[in-house]
Amino acid sequence: MQPYILEMKGITKEFPGVRALDNVTFSVRKGEIHALCGENGAGKSTLMKVLSGVYPYGTYDGKIYIEGKEVRFRNIKESQEAGIAIIYQELAVVEEMTVAENLFLGHELMRGKYIDWHRLYSEAQKWLEKIGLDIDPETKVRNLTVGKQQLIEIAKALSKNAKIIILDEPTAALTDSDVAILKNILCDLRSQGVTCIYISHKLNEVMELADTVTVLRDGQTISTDRIDLLTEEKIIAKMVGRELNELYPYEPRNIGKEVLKVDHYSVVDEQTGREVIHDVSFSLKAGEILGISGLMGSGRTELFTSLFGAYHGKKKGTVWIDGKQVDIRRPAEAIQYGMAYVSEDRKKYGLVLEMDIIKNSTLVALKKVTKWNVIDHALEVKQAEEITKRMKLKAPTLEAKVSQLSGGNQQKVVLSKWLLNNPKILILDEPTRGIDVGAKYEIYKIINELASQGVGIVLISSELPEVMGMSDRILVMSEGRITGEFQRHEATQEKIMTCATGGK
């Protein structure tokens, strides 16, 4: 058995009023893929920031050992010099620079006072070949996919002779093909003796890749186990502190009258002139959860952003809400008709990150918190308190900036914003993307509660178990068309995937 390359002992880190890490122990063996799991807020990122020098020695208690020697990092540079590289979900590439320039940014190859460009590009080519990336090193990074940019970050870490590479949610924004490439590279690095710390909410990836799993909960170490002793269910139970017998807490309910009907609906993209939605017809009833499945590019988001008035494209077809034909040209009109749309990109389209929770919670329902066209702050606070309490939001204060919240709590603020307006139709586009399993469970319970109150819910998701576990009925899309429809009891992953890939 390999010796420990990293040992963190008794790590305690406090912020004003919060103990983020409480006597954490974390030990990683050389050449393994070690998964670090836990809910948002469990302390994973804080622990890695301690390790990488973001939180310097003296701002935390405890000791860190690299290859048996105690280290005391005062900054990020010192941790990098010790062989530690961290690759965040938000990549640190400079898009206007070439691949080679990014690879050696901060440790340029010099000849005297000047950069040795010939050597820089030839060395870059070697590192690209090492990770199996067939890219011209003179390519501008802006021309690469997110997945390729992430692989550039890994090559950059290796070029600095990293012994320990930390990957924080590395596949959150990747396509399936890029995920497959990343997995192969990580396995190759393991065989070369490079150690990887892998942080992910996707437990299927953890089970496939990891040798060892450490679980944190509430800032404490819960367990460290070999992967062969674990199942996804066991990891989840350790993460949330309880057994989740039902990952998807579906509750049968009475389905009411039709609230939305779409008939022969087509959309042509304004910029490309391409028809992105072709002759789609479907309905939604009060209290129903309608799952929408399909591969990337199937037209799911285009269809519902168009129905909400937020997609720039020429459309034809008819739409009825509560039996009345409507022509929605912009989101403000959709809101007036009782529609709400929770975007798949909550940070870009769902929240104003530098505003507080109170203001974000009341953005859509300003009429409820104004008197004589002036916002009544006391009334705004009251409404925000009521709706966020209903969402079981976890925050130190409602005056905290939304940017300071975990992903799950940010999503609860987005839901609060829309639910304060009492919608009759709620469109949820990837509502649990990037949030941990415990927060997902709470979101599912909120969805069930809303459906039981008669809200018609559209659930768009790339996760088949989520669609199958939560929906009353499922529509499958492929290339802008509806290619399948299943009642809850009829749906299987095989049937859905057949329809999603254009089969019958």
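## Starting with one helix

Which residues in helix 13 are buried? They are Glu380, Val381, Gln383, Ala384, Ile387 and Thr388. These residues cover an arc of only 165 degrees around the axis, which puts them on the same side of helix 13. Turn to the face pointing away from that buried side and you find the exposed residues Ala378 and Lys389. Keep in mind, as you look around, that this is a predicted model.

What do the buried residues of helix 13 pack against? Their partners are helix 12 (357-361), strand 20 (374-375) and helix 14 (407-419).

## Length and ends of helix 13

Helix 13 runs through residues 377-390, which makes 14 residues. At 1.5 Å a residue, these should span 20 Å, and the end C-alpha atoms are indeed 20 Å apart, so the two values agree.

The N-terminal end of helix 13 has a cap, aspartate 376. One of its side-chain oxygens lies 3.1 Å from the backbone nitrogen of alanine 378. At the other side of the story, just after helix 13, lysine 392 takes a positive phi of about 55 degrees.

## A closer look at alanine 384

Alanine 384 sits in helix 13, and it has 0% relative accessibility, so it counts as buried. Leaving aside neighbours within four places in sequence, alanine 384 is in contact with Ile358, Ser361 and Leu398. As for lysine 359, it is 25 residues away from alanine 384 in sequence, while the two C-alpha atoms are 8.1 Å apart in space.

## The whole chain

Now let's zoom out. The chain has 17 helices and 24 strands. Its radius of gyration is 25 Å, close to the 23 Å that the globule rule gives for 504 residues, so the chain is as compact as a globular protein of that length. Along its principal axes, the C-alpha trace spans about 75 × 50 × 50 Å.

How much of the chain counts as buried? The figure is 51% of the 504 residues. Take the contacts in the chain with a separation of 6 or more: residues 24 or more positions apart account for 67% of them.

## How confident is the model?

The mean pLDDT of the chain is 89, and 97% of its residues reach 70 or more. Where is confidence lowest, and where is it highest? The low point is helix 5 (residues 146-159), at a mean of 80, and the high point is strand 22 (residues 456-460), at 97. A word on reading such scores: where pLDDT is low, the predicted coordinates should not be read in detail.

## Backbone oddities

Most residues other than glycine have a negative phi. Aspartate 279 is not a glycine, yet it has a positive phi of about 50 degrees. You'll find aspartate 279 in strand 14 (residues 275-285), where its 38% relative accessibility makes it count as partly exposed.

Tryptophan 372 is another residue other than glycine with a positive phi, near 55 degrees. Its place is the loop between strand 19 (370-371) and strand 20. Is tryptophan 372 buried or exposed? With 80% relative accessibility, it counts as exposed.

## Serines in strands 13 and 14

Aspartate 279 comes up again when you look at serine 266, whose side chain reaches the backbone nitrogen of aspartate 279 at 2.8 Å. Serine 266 belongs to strand 13 (residues 258-269) and, at 6% relative accessibility, counts as buried. Beyond its neighbours within four places in sequence, serine 266 is in contact with several residues, including Glu275, Ile277, His278 and Asp279, as well as Lys314, Lys315 and Lys316.

Serine 283 lies in strand 14. Its relative accessibility is 18%, so serine 283 counts as buried. Again leaving out neighbours within four places in sequence, serine 283 is in contact with Glu258, Leu260, Lys261, Glu288, Leu290 and Arg473.

## Threonine 25

One last stop is strand 2 (residues 18-29), where threonine 25 lies. At 39% relative accessibility, threonine 25 counts as partly exposed. Setting aside neighbours within four places in sequence, threonine 25 is in contact with Met8, Lys9, Gly10 and Thr221. How far apart are the C-alpha atoms of threonine 25 and isoleucine 222? They are separated by 9.5 Å, with the two residues 197 apart along the chain.

Notes: Residues are numbered from 1 along each chain as its sequence is written. Side-chain values use heavy atoms; hydrogens and water are left out. Helices (H or I, at least four residues) and strands (E, at least two) are DSSP runs, numbered from the N terminus. The expected span of a helix is 1.5 Å times one less than its number of residues. Buried means under 20% relative accessible area, exposed over 50%, partly exposed in between (1.4 Å probe, protein chains only). The arc is that of the directions from the helix axis to the C-beta atoms. Contact means heavy atoms within 4.5 Å. A polar contact is a pair of N or O atoms within 3.5 Å; within protein, one must be able to donate a hydrogen and the other to accept it, and residues adjacent in sequence count only if both atoms are side-chain atoms. pLDDT is the predictor's confidence in each residue, from 0 to 100. The radius of gyration is taken over C-alpha atoms; the globule rule is 2.2 Å times the number of residues to the power 0.38.
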